[in-house]
Amino acid sequence: MSNKPSNSHKPSLSQRAMQTVPRPENTASSAAYLEGLNDAQREAVLNTQGPLLMLAGAGTGKTRALTTRLAHILSSRLAWPSQILAVTFTNKAAREMKQRIGKLIGDEVEGMRWLGTFHSIAAQILRRHAELVGLKSNFTILDTDDQIRLCKQVIVDAGLDEKRWTGRGLAAMIDDWKNRGLTPEKVNKDEAWLFADGQAIELYKAYQGRLITLNAADFGDLLVHNLTIFQSNGDVLANYQTRFSYMLVDEYQDTNVAQYLWLRLLAQKHKNICCVGDDDQSIYGWRGAEVENILRFEKDFPGADIIRLEQNYRSTPSILAAASGLISANQDRLGKTLWTNREEDEKVNIRGVWDGEEEARSICDDIESEQQKGRSLNDMAILVRASFQMRAFEERFNTLGLAYRVVGGPRFYEREETRDAIAYLRLVRSHADDLAFDRIANKPARGLGGKTMQTIHQYARARNIPKIMASKMLIENGELTGAGKNKLSAFIQMVERWSAETQNQSPRDLTELILEESGYTDYWKNSKSPKAPGKLDNLKEVVQAVSEYETLEAFLDHVALVAEHNEGFADGQVWLMTYHAAKGLEFPVVFLPGWEEGVFPSQRTLDEGGLSALEEERRLAYVGITRAEESCRISFAANRHKYGRWESAPPSRFIDELPEDHVEIYSESGLYGNRTAASDTLLNFEAELVDQDYAASNTIWQRGKKAGGKSSSYAGHTAPSSPPLIEGRSKTIASQAPGQSQFNKGQRVFHQKFGYGKITHSEGQKLTVAFDHSGEKKVMENYLEAG
DNA sequence: GCGCAGCCCATTTTT
DNA sequence: TGGGCTGCGC
């Protein structure tokens with residue numbers, strides 16, 4: 001756990017951090033809110049002038065320091081609430097910050113109009129100056145799904161093959177540019193070849209043009225339009241620069257280039273910008289976050305002070321040591337030394353098991369045994385790398401009748417029926433919202449098939465007018481006839497009537513009216529889909545959500561920017577979520593299953609990500625371990641049922657990076673000890689490891705194995721009289737009768753990892769196969785299929 | 001316009 | 001393995 005900042009080119013950072021910045025002589029420094037802060041936190045609160053980087057390790061009381069700082073600025077009258085810009089990434093973080101400041105300073109917090117997410121604040125600014133980028137102030141904010149659909153239209157309109165060039169692909173590329181703050185004019189010409197044979201930038205332009213016609217902005221636009229406005233309207237920028245005398249940014253390691261530029265522009269006048277973050281917890285690189293922003297802070301803001309919060313109040317020494325040891329394998333980091341004065345307790349557990357089912361079973365056994373010892377289910381969490389890993393746990397929970405909750409998953413406002421209902425409201429608000437029109441014009445079916453929609457689309461595109469207008473013209477000039485015409489006409493009349501009703505009815509009543517009259521509710525009532533009852537419930541939820549707003553506008557803005565919805569978790573449930581979802585949370589007991597190569601780090605990362613992606617995976621592991629307060633239990637399975645096939649993967653390289661002194665290995669005797677078919681298989685995959693350069697000569701899990709393994713009673717729990725893990729293994733072994741191979745010499749076979757080959761030698765279940773592409777290898781027969 | 005069979009694919013997801 | 005999408009047939 002050495003504090004060895006490997007970035008030796010930036011020595012001044014650590015040096016600075018060592019220095020104690022003189023505490024300002026300030027009467028407020030004796031204020032009650034400073035009590036109980038440690039030295040670093042106190043400094044972070046009182047050092048208000050000039051740029052400041054607060055490097056806050058996991059569990060070091062970051063939020064406390066940050067909210068106290070704001071309270072201090074306000075109560076010292078350094079600024080009015082309206083002069084403070086405080087940005088977060090999530091609505092949840094913004095809400096929490098507001099609450100906690102409120103506890104310190106009371107109602108004054110209500111005046112903090114510029115406390116919010118990057119996107120909500122950028123949206124506020126953009127609404128004020130929309131005309132400067134060709135929008136009207138009531139522009140629609142598009143979500144990801146709208147973006148993709150619009151991209152698809154742009155691709156089709158450009159006459160490209162929509163199978164080769166997908167909407168999703170174009171949207172991803174445009175997003176990437178926007179994350180980097182690039183308008184079509186600023187994109188490097190070479191990047192035109194990233195998509196559609198050199199037409200990428202043209203498509204980006206076309207997409208932006210469509211957005212203007214639709215009077216819409218996507219998430220990325222909120223920031224990029226702000227930048228455009230600031231850069232070409234000095235007076236507007238100066239206004240905000242003057243207004244924001246203090247700035248505070250949470251989770252700075254997650255900012256993308258556009259957000260960074262936005263902050264830098266705004267901070268130029270007062271330069272009182274405080275960025276809080278932890279480079280070791282940067283896990284959103286794949287979404288455009290640039291760890292570089294935090295690594296480079298000092299250069300960007302000359303004269304910056306750096307404060308490290310390193311005293312951890314969350315975890316035991318072993319957990320901290322494990323996390324610190326692991327993360328020290330990363331090259332690009334500022335380096336911190338987390339420490340704690342908590343008592344040493346249980347070491348970090350590492351357990352190897354036979355397969356995924358057994359992993360779920362053993363973790364659930366642990367959970368039940370903790371529960372019997374009086375621990376609440378709320379206090380335990382299982383964190384996974386990817387959601388496919390959740391199924392095994394959910395199945396096990398259901399079998400045992402253990403209450404659990406999954407955090408994440410499809411969100412309320414992203415569900416089909418919610419989005420449909422919202423599309424109706426959007427269309428009622430703005431008849432120009434073609435994306436809403438496309439979505440619900442024929443849902444429920446009104447006989448408006450692809451042909452009619454096609455005609456409307458082309459007519460509208462040719463004249464650059466909204467589709468509703470195009471529809472009306474097509475009806476009037478007789479280009480549409482028959483049933484299609486009548487149905488379309490009736491639909492438009494309905495929409496217009498609803499729009500008129502906006503004046504007379506509350507948003508809630510209007511929503512109910514629309515869902516009723518449009519036939520949308522009936523559409524689900526008549527549906528035979530097993531999902532229909534749930535969808536109807538969700539529609540009621542939408543009505544409920546709308547009723548909390550005074551205007552349709554307010555509700556729609558909420559929907560666009562606050563994609564979350566209170567689902568109201570019950571108490572007494574085990575938490576199940578991804579590492580990403582767990583960031584910022586903490587639990588007494590944390591289970592980290594699936595530490596195998598290909599699962600964690602993920603296969604995708606191994607295949608194409610390179611070093612930086614691997615480092616991000618490692619940070620993810622760091623985030624996972626540091627969620628644990630008392631007990632952290634890592635496991636890996638020798639075999640895993642994945643995509644309908646059995647796969648065997650070596651333990652994660654991250655396991656070998658954990659410091660030996662702080663971990664304890666519990667491996668089953670059957671797995672590593674006795675010579676059984678199972679252990680042979682393990683020996684075999686160990687051989688494969690050597691092939692692939694994975695296994696260092698003396699890895700942790702091999703040491704565990706050499707030690708003969710410990711008993712399968714785990715972490716001091718009483719082992720069940722008949723260990724449930726036996727069932728799982730015996731079942732698997734039973735399929736392979738010992739001694740006799742089902743394959744013959746010369747037979748063609750297939751192996752998951754090595755592909756096709758021919759058996760050259762057999763010895764029991766150990767077969768030697770000459771693979772077509774991978775050469776000759778010894779493998780166990782249960783990894784082979786007849787080829 | 002709908003239903004079904006076959007096909008392809010398969011991380012993480014703050015706004 | 002299984003969910004989501006597509007293309008075809010009614």
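**Notebook: DNA contacts, helix α11 and salt bridges**

I began at DNA strand C, where a sugar or linking oxygen lies 3.4 Å from a polar backbone atom of Gly-644. That is a polar contact, meaning a pair of N or O atoms within 3.5 Å; within protein, one must be able to donate a hydrogen and the other to accept it, and residues adjacent in sequence count only if both atoms are side-chain atoms.

The model is predicted: local features need pLDDT of at least 70, side-chain atom pairs need pLDDT 80 or more, and totals for chains, interfaces and linings use all residues. Residues are numbered from 1 along each chain as its sequence is written, chains are lettered from A and ligands numbered from 1 in the order written, and side-chain values use heavy atoms, without hydrogens and water.

**Strand C**

I listed the residues around DNA strand C: Lys-163, Arg-391, Tyr-643 and Gly-644. Near means that a heavy atom of the residue lies within 4 Å. Sugar and phosphate make up 38% of the strand C atoms that come within 4 Å of the protein. An N or O atom in the Lys-163 side chain is 2.8 Å from a phosphate oxygen of the strand.

**Strand B**

I counted 27 residues around DNA strand B; Arg-287, Arg-385, Ser-387, Arg-411 and Gly-449 come nearest. Here sugar and phosphate account for 51% of the strand atoms within 4 Å of the protein. I checked Arg-385: a polar side-chain atom sits 2.3 Å from a base oxygen of strand B. Phosphate oxygens of strand B lie 3.1 Å from a polar side-chain atom of Asn-91 and 2.6 Å from one of Thr-578.

**Helix α11**

Next I looked at α11 (residues 257-267), where eight of 11 residues are buried. Buried is under 20% relative accessible area, exposed over 50%, partly exposed in between (1.4 Å probe, protein chains only). Trp-262 and Tyr-260 are among the buried ones. At the helix start, a side-chain oxygen of Asn-256 comes within 3.1 Å of the backbone nitrogen of Ala-258.

**Salt bridges**

I took a salt bridge as a side-chain nitrogen of Lys or Arg within 4 Å of a carboxyl oxygen of Asp or Glu. The count is 52. Glu-251 and Lys-62 form one at 3.4 Å, N to O. Glu-251 is in the loop between β6 (246-249) and α11, Lys-62 in helix α3 (residues 62-75), 189 residues apart. Lys-62 is buried at 18% relative accessibility. I also noted Glu-657 with Arg-618, closest N and O atoms 2.6 Å apart. Arg-618 is buried at 5%; Glu-657 is partly exposed at 22%.

Note on methods: Helices (H or I, at least four residues) and strands (E, at least two) are DSSP runs, numbered from the N terminus.
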